[in-house]
Amino acid sequence: MRLRDKIAIVTGGGSGFGEGIAKRFAEEGAAVVVNDVNAASAQRVASEIVAAGGRARSCAGDVSSDLDVARFVRYALDEFGGLDVLVNNAGTTHRNQPMLDVAEEEFDRIYRVNVKSLFLTARHAVPHFRAKRSGVFITIASTAGVRPPSMVFTRRCEMIAFRDTARSCSSIGRTSSGKKLITRFMAW
Ligand SMILES: NC(=O)c1ccc[n+]([C@@H]2O[C@H](COP(=O)([O-])OP(=O)(O)OC[C@H]3O[C@@H](n4cnc5c(N)ncnc54)[C@H](O)[C@@H]3O)[C@@H](O)[C@H]2O)c1
């Protein structure tokens, strides 16, 4: 059990990769807060983890809302007594189409969910990581972000923002505690 007694939040944990990550973390011993904008899916995944003998709770919320992010970070602290890992997995996109056909509102929506969420989760999780002098901030990205920019323009923008957010979190961790705050990028 590589995550025994660790406490993790997995955003977008109600389906897909997030569901897999939440379940695997629980199998490895972590207590998991399953977040999703879809309350029913988050609840289903948390219930399945508990039914399999793991520890989990669901906390619905939109990762692009400051209030919701504050609430699910607070929920992890109140329910499980801490926070060790935050997995930024929630994501959305538009159908494949040329950049010039993407509507401004669509771009804004994707950016809020995929990029602004990193700022918000860092804002609410990093103070706890600082206080305990450790913490892991994992961000799920896409290999589309490192392909030629013309292929998937929003993905390219996200990748740049992910990288810069990770660097910021990393430097916050180092300057506050002298210990490196680990930040991982995972791209599919
Ligand atoms: N599936 C792929 O091939 C692929 C490729 C590259 C990157 N990714 C990335 O992996 C991550 C997971 O993708 P997936 O394929 O499992 O997608 P998915 O659609 O199956 O899961 C995403 C989950 O995030 C939730 N979500 C969406 N908006 C949210 C919000 N505002 N707040 C909270 N939850 C929200 C959805 O309800 C859903 O449960 C995403 O960040 C995605 O960009 C996936």
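The expected span of a helix is 1.5 Å times one less than its number of residues. Keep that rule in mind for the third view; everything shown here belongs to a predicted model.

**View 1. The whole protein chain, from end to end.** Welcome to the overview, where five helices and six strands can be found in the protein chain. Trace the elements from the N terminus and you will meet them in the order β-α-β-α-β-α-β-α-β-α-β. The protein chain has 188 residues, and 42% of them are buried. Contacts also link distant parts of the sequence: among those between residues at least 6 apart, 61% join residues at least 24 apart.

**View 2. Ile7 and its surroundings.** Here we zoom in on Ile7, a residue of strand S1, which covers residues 7-10. Is Ile7 buried or exposed? Ile7 has 22 other C-beta atoms within 10 Å, and a residue needs 20 or more to count as buried, so Ile7 is buried. Look beyond the neighbours within four places in sequence, and Ile7 is in contact with Ala30, Ala31, Ala76, Phe80, Gly82, Leu83 and Asp84. You can also pick out Ala26, which is 19 residues from Ile7 along the chain, with 9.5 Å between the two C-alpha atoms.

**View 3. Helix H4, with its kink.** Helix H4 takes in residues 104-132, 29 residues in total. Now the opening rule comes in handy: from first C-alpha to last, H4 reaches 41 Å, close to the expected 42 Å. Follow H4 along and you will come to a kink of about 40 degrees, centred on Arg112. Just after H4, Arg133 takes a positive phi of about 65 degrees.

**View 4. The buried residues of H4.** Staying with H4, we can now look at its buried residues, among them Ile110, Val113, Asn114, Ser117, Leu118, Thr121, Ala125 and Phe129. Val115, Leu120 and Ala122 are buried in H4 too. As you compare positions, it helps to know that an α-helix has 3.6 residues a turn, so residues three or four places apart point the same way.

**View 5. The shell around the ligand.** Which residues come nearest to the ligand? Of the 23 residues around the ligand, these are Gly12, Gly16, Ala90, Gly91 and Ser142. Helix H1 (16-27) and strand S2 (31-36) are the elements that each give two or more residues to this shell. H1 gives the most, with three residues. Sorted by type, the residues of the shell are seven nonpolar, 14 polar and two charged.

Note on methods:
Residues numbered from 1 in each chain as written. Predicted model: local features only at pLDDT ≥ 70, side-chain atom pairs only at ≥ 80, totals over all residues. Near = placed C-beta within 6 Å. Helix = DSSP H or I, 4+ residues; strand = E, 2+ residues; numbered from the N terminus. Nonpolar A, V, L, I, M, F, W, Y, C, P; charged D, E, K, R; others polar. Buried ≥ 20, exposed ≤ 12 C-beta atoms within 10 Å, placed from the backbone. Contact = placed C-beta atoms within 7 Å. Bend = angle between axes of the 7 residues up to and from the residue.
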